[in-house]
Amino acid sequence: MKRYCLALDLHDNPELIAQYEHWHKPENFRPEIKQSILEAGITNMELYRFGTRLFMIMETDDTFTFERKAALDAANSQVQDWENFVWQFQKPVPGAKPGEKWVLMDNIFKL
């Protein structure tokens, strides 16, 4: 198992943030998106929010790579629709490369 931590920002708009959280509640989350996450080798995913900053923890099996996930996502029109939908709520963190959404964080401490 591998663990990755990523960051992304939301637009500083309480209504948009509330909508974003609404669509990420288990009863509102799209089952086809959940399935695509699992098929990519992600075994657990959690999102946390502080203000406008999002923090994602992803645990994966040994089949997971970011390249494979990107290829699967690119070939899945439902994932593309989802990504376009959620982009209205999201914005890149400062320092992200052009076109980069979720930014991989460096592990600097482990107990």
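In this predicted model, strands β2 (residues 42-50) and β3 pair in the antiparallel sense through 8 bridges. Strand β3 also runs antiparallel to β1 (residues 2-10), again with 8 bridges. Strand β3 covers residues 53-60, and 6 of its 8 residues are buried.

**Strand pairing**
- Tyr-48 stands opposite Phe-55 of β3.
- A hairpin joins β2 and β3, with 2 residues between the strands. Gly-51, in the turn, has a positive phi of about 60 degrees.
- On the β1 side, Leu-6 has Met-56 of β3 as its bridge partner.

**Salt bridges between β3 and β1**
- The whole structure holds 5 salt bridges, among them Glu-59 with Arg-3, where the closest N and O atoms are 2.7 Å apart.
- Glu-59 belongs to β3 and Arg-3 to β1, so this pair ties together parts 56 residues apart in sequence.
- Glu-59 counts as buried at 16% relative accessibility, whereas Arg-3 is exposed at 54%.
- Arg-53 forms a salt bridge with Asp-9, with 2.4 Å between the closest N and O atoms.
- Because Arg-53 lies in β3 and Asp-9 in β1, the pair ties together parts that are 44 residues apart in sequence.
- Arg-53 is partly exposed at 39% relative accessibility, while Asp-9 is buried at 6%.

**Salt bridge between β2 and helix α1**
- Arg-49 and Glu-21 meet through their side chains in a salt bridge of 2.5 Å, N to O.
- Arg-49 is in β2 and Glu-21 in helix α1 (residues 14-23), so the contact ties together parts 28 residues apart in sequence.
- Arg-49 is partly exposed, at 39% relative accessible area, and Glu-21 is partly exposed at 35%.

Definitions and conventions: Residues numbered from 1 in each chain as written. Predicted model: local features only at pLDDT ≥ 70, side-chain atom pairs only at ≥ 80, totals over all residues. Heavy atoms only, no water. Buried < 20%, exposed > 50% of the residue type's maximum accessible area, 1.4 Å probe, protein only. Helix = DSSP H or I, 4+ residues; strand = E, 2+ residues; numbered from the N terminus. Pairing = 2+ DSSP bridges. Salt bridge = Lys/Arg side-chain N within 4 Å of Asp/Glu carboxyl O.
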